[in-house]
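Here are my notes on this one, as numbered points. Have the structure open while you read.

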Amino acid sequence: MIKNQSKWFFAAALMACSILSTSTFSQTWTPKHYWTFNSSNSLADSTGIAPLNATYFQSTYSIGNAQSNTGVGKYLKLNSTSRAITSNVAFSPDSGFTLELLFRPGANINEIVQLMTRRDGAISIRYCFPYFRFTTKSIPTGSSTAVSDNWDLNLSGIGRGTYGYYMDGNWHHLVFKYNARTGTKEIWVDGQLPTGFSKSIPAGSIPLNAGSTNSNIVDINTNTGYYQYVGDLDEIALYTNALPGQMIYKHYQDFTQNKPYSFGNSTVNPPSPSPITAGVDPQEYAPGHPNSNIDALVQLKSFPSARNKPSSTLFPNYAVFNPAHVAGYGISSSPQATLVQRSIEVQTELVKNFNYTVMVTSNTSRYTSFTNTSDYDGAWINLANQNPSWKTSANTYWPQLSPTVIGKASKDPYIESKTLPSNSYLRNNAGQFLDMYGNIITSGRTISPKAPVDSFRLDGQTQKFYLSKLSSALTRPIDLVFENGEVIPAWTDASLQKDPTVTAAFNASGLGNWRKFKGGEYKRISDSYMNEWRSQSNLTNTRILHYYLNGHPVYAWDWASVRGLQSLTNNQRYSNGDIYMQWPGNWRYWQGAAHGWQYVIEGRHEEIALGDKLFSPVVSPGWNSNEESIVRPAQWLGFLKAVSMAGAENFGCGYFVTSTPYQNPSNYVWQMAIPGYAQAIASRYDDLFLSGNLMTGDVPQSASSGAGKPGYTFYAGDIRKLVVARKHDSKAKYAITGTIQPNSNMAGNAELSGTATIRIDGNDLTFGIRRQGSTYIYDKTNVSSPVFYQLDAWHENSHPYYWSKTFNLEAEIFDNVNANIELKTQVPAGTVAGNYTNYTTYTTFKAVVGAEYNFTPRGTTAATHYVWVRARSRGGINTGFNISLNGVSKFNVTCVADTNWTWYRYDAGNNAQMTLTSLPLSNQKLVITPINTNLEIDLITITPTAGNFYTTFAPLWSNSNCLNHSKWRYYFLPRWICYFKCEYRN
């Protein structure tokens, strides 16, 4: 009997081992903790060890119920007021651990969130933009000192390798696994271990850190506000071992079947991982990429015109690139005469089709060529003189002038001369010269903020000489001077505090703030130079923009001190900093001189606080000869639309050709067009520039700043969805733009289009957004009948060379100003208020007046175009319209009685398709005039495609068709009404 009892005890012990063991011979893989949130005590641990405790840190939470075929039962919901939820029991693995969970982040998630941490820092898991951070602390074998490893797994690929994969509103199964004995760390996503989602570190063990009572306790979420997780979690399991891949895949399958995890051993291997990298999309690059085979000028002439609103008062864009380089200077073997002529054509294209100024000189120091029309500057000046209605710009460069031209001794500008008296330079108490960082130098000199300015006035007199030569060559004013004054060193506080003269001046100033002191001295020195030339009578109405002055609170001169260097324009001072994004992943923040959105909003905060609502930045997506490292056209266009919405009235387009071999302009000429497209859309809401304000949004400037500093951005369901808005000062009228910004140029890194839902003035607003940007007008002036329409639906996500040559002119975006043309917006029955994912906005008429539409055919030869109009009748009463082109009557459509939207293509006069033969490559003005006020128009299409561009359309006109169209009215209405309706067409 005793022997049999021993056998029974041994069998029971063996069974227990088979259940609890974590060796590869186990039949089960039981977690240390498993929180499913399905029981009556929602925070209970299914293993019975450690129920979650939300009261310890007074965390809010709620329990949600999974929808049918989605997720696994109940789940944990955390919001912006949720804090750390603790397990209360030490988690002390030695050889490894695994965390698996179901994860569904919320729309308002912060850019860095902490999912789980052990309080001693030995384990920490964060979801960040755009990466996972998997932190472990281990004691390497043979050592007694713990070492931390912060593994940032970048999410800039495709599929599971991109941030957006996790922001689709669906549940995802995540596993964070660490085998300390082998030093292997892995992150599994939805049953797969993608290539690159593992890392090796030195083998060892996980420290216990038992010296503190709470050091080994695990917390879900965090008490640090800007790391708090907003979203849903479920099926959280913690293991004291590294879970095999077969079990991870099994648990993923359980999840897809809406079941909790099962822990019986599995021998089914996970599938081969899906790709997380991809090549580029050739449609985002110049034709022939990587070796462009279409000339830059030919491309520019083929790009669609930007379609600026004719009545817009926005100041044109300006070149901070040299048009000669776009024409081929430096890379072409063509004679100079050919290149000069090509540069004239480049400038003409930019002015007429992309709203640029004529650059009359790329550098005023080239004054000897101002009257030589065989040279670039002289030819551009002649172009400007021949076109007095075009605005002009000139670039001045303080660091590149030479006072010898006015009889002075220095070949270099005095500001950069190293031969001025010693009191012009930074020196310490011993009289030793210092650099801008405070280091002692034996060669070179650093201008002191307290330098005498007499010599700098000579620099100004030199620039005055250059500008006088320019004015003499011009027969019209200079509208803009762009001054590149990057010559004053960015002094550090440490360097200035070592100079006794400067320190004494600082103390005497009473400012108590070195940044303000430096800004004031920067302005004093710059004024000494600029006052010598900007007061000339021929510059009285000239805008002067001093580069690089902006409101960034750390990496720019104090805006309040230096803003007076900029011309007063629209009762404001326009900042003129740079936005050089350089590579796709830089759009959100910045690195060094490569600036993204964060740099913009931090500067805008300081500028707007001083009343400077508008600005004029210099922009570039990059200038690397490898186009695949540079931001692509659609991303850049979407981003610049956001910058426009932030108050950029115009752009300085920068591109830098600094060393040979020069970059091929065929690859980068698209960069000159994109600012034009962005500004043209802004011209459609220019009333919201002067009579509106940038909205603060609900995303803080930074996670740590909270609501104290606005980020001028709206939560839109995904950090990659950049949404910015302006609001009219006195009307319930908004301009809104949204773009989906990718983090790499891999095809598939980010979706091309999606939906954004924002909270604007207390109400939800839902609309579509695209990579290239989607800009809308939302007019709630009439609360009972709001109007919502898009300004840029015709923009495409490819390189502009590939954009369609068809004109789709939204009827509501007409070019003239006429109070008798009204806009109406219609949504499907049952649509929730504020949801504009499906809508139609159209024009109606209060009087018989014409709606004007300007368009410019592009290319190298004139082409025949065909006209289609999508229209309907209000109330079914017969109506129609006349079409004129450039003041000449062209077509009549006199049989519009259908209350449904219908395409009309035939002229009633000859029953032929409405055709514009050999349409010239110049601006065309098309006017549609209704024959009575019952007409409603949605869209006008003008296409070079013959035949049935649309598959359904109204038939050829005939009296019988008209009668059939109105047949129901013949039977149910008085005869005279039907007679009027039908015979009116004849």
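1. Let's start with charges over rings. Lys185 lies over the face of Phe134, and the distance to the ring centre is 4.9 Å. Another case involves Arg307: its charged end sits over the ring of Trp794, 3.8 Å from the centre. Keep in mind that this is a predicted model, so both are computed distances.

2. On to aromatic pairs. How many aromatic pairs does a search of the whole structure find? The count is 69. Take Tyr252 and Phe255: their ring centres are 6.0 Å apart and their planes meet at 55°, so this pair is tilted. The cut-offs make that clear, because planes under 30 degrees apart would count as stacked and those over 60 as edge-to-face. Both residues belong to helix α2 (residues 245-256), where they are three residues apart, about one turn of the helix. Phe255 has a relative accessible area of 9%, so Phe255 is buried.

3. Helix α6 has a pair to look at as well. Tyr376 and Trp380 form a tilted aromatic pair, 6.0 Å centre to centre with 50° between the planes. The two residues are four apart in α6 (residues 376-386), so about one helical turn separates them. Are they buried or exposed? Tyr376 is buried, and Trp380 is too.

4. Now the open sheet. Its four strands come in the order β17-β18-β19-β20, and the pairing is parallel. At the edges are β17 (358-361) and β20 (543-547), each of which pairs on one side only. On average, neighbouring strands of this sheet are turned by 25° against each other, ignoring direction. Inside the sheet, β18 (residues 392-397) runs parallel to β19 (residues 480-484), and five bridges join the two. If you want a spot to click on, Thr396 stands opposite Glu483 in β19.

5. What packs on this sheet, touching β19 and β20? That is α10, and its direction makes about 135° with that of β20. One residue to check in this helix is Ser526, since α10 covers residues 514-530 and Ser526 is found there. Ser526 has 0% relative accessibility, so Ser526 counts as buried. Leaving aside residues up to four places away in sequence, Ser526 touches Trp398, Ile488, His546 and Leu565. Of these contacts, I'd colour His546 in the viewer, as the range given for β20 is 543-547.

6. Next, the nonpolar cores. In soluble globular proteins, nonpolar side chains tend to be buried together. Here the largest nonpolar core has 184 residues, and the members that touch the most others are Tyr127, Tyr166, Trp597, Phe639 and Tyr677. Which helix gives the largest share of this core? Helix α15 (residues 670-682) does, with nine residues. For Tyr127, the contacts beyond four places in sequence include Phe103, Pro105, Ile109, Phe132, Leu155, Tyr163, Tyr166 and Met167. Glu111 is also among the residues that Tyr127 touches. There is a second, separate core of 30 residues, with Phe814, Ile928, Leu935 and Ile940 among its members.

7. Cis peptides, for your checklist. One cis peptide bond joins His289 and Pro290, with omega about 10°. Pro290 lies in the loop between α2 and α3 (296-302). Another joins Tyr547 and Tyr548, where omega is about -5°. Tyr548 is in the loop between β20 and α11 (559-562). Please look at both by eye.

8. Last, some backbone angles. Gln58 is not a glycine, yet its phi is positive, near 55°. Gln58 is found in the loop between β1 (33-35) and β2 (62-65). With 61% relative accessibility, Gln58 counts as exposed, because the cut-off for that is over 50%. Asn571 also has a positive phi, about 60°, although it is not a glycine. The loop holding Asn571 runs between β21 (568-569) and β22 (572-573). At 72% relative accessibility, Asn571 counts as exposed.

Conventions. Residues are numbered from 1 along each chain as its sequence is written. This is a predicted model: local features need pLDDT of at least 70, side-chain atom pairs count only at pLDDT 80 or more; totals for chains, interfaces and linings use all residues. Side-chain values use heavy atoms; hydrogens and water are left out. Buried means under 20% relative accessible area, exposed over 50%, partly exposed in between (1.4 Å probe, protein chains only). Contact means heavy atoms within 4.5 Å. Two strands pair if DSSP finds at least two bridges between them. Axes are lines fitted to C-alpha atoms, for helices over the stretch in contact, and angles run from 0 to 180 degrees between N-to-C directions. Rings of Phe, Tyr and Trp (its six-membered ring) pair if their centres lie within 6.5 Å; planes under 30 degrees apart count as stacked, over 60 as edge-to-face and the rest as tilted. A charge sits over a ring if NZ of Lys or CZ of Arg is within 6 Å of the ring centre and within 35 degrees of the ring normal. A nonpolar core is a set of buried Ala, Val, Leu, Ile, Met, Phe, Trp, Tyr and Cys residues joined through side-chain atoms within 4.5 Å.
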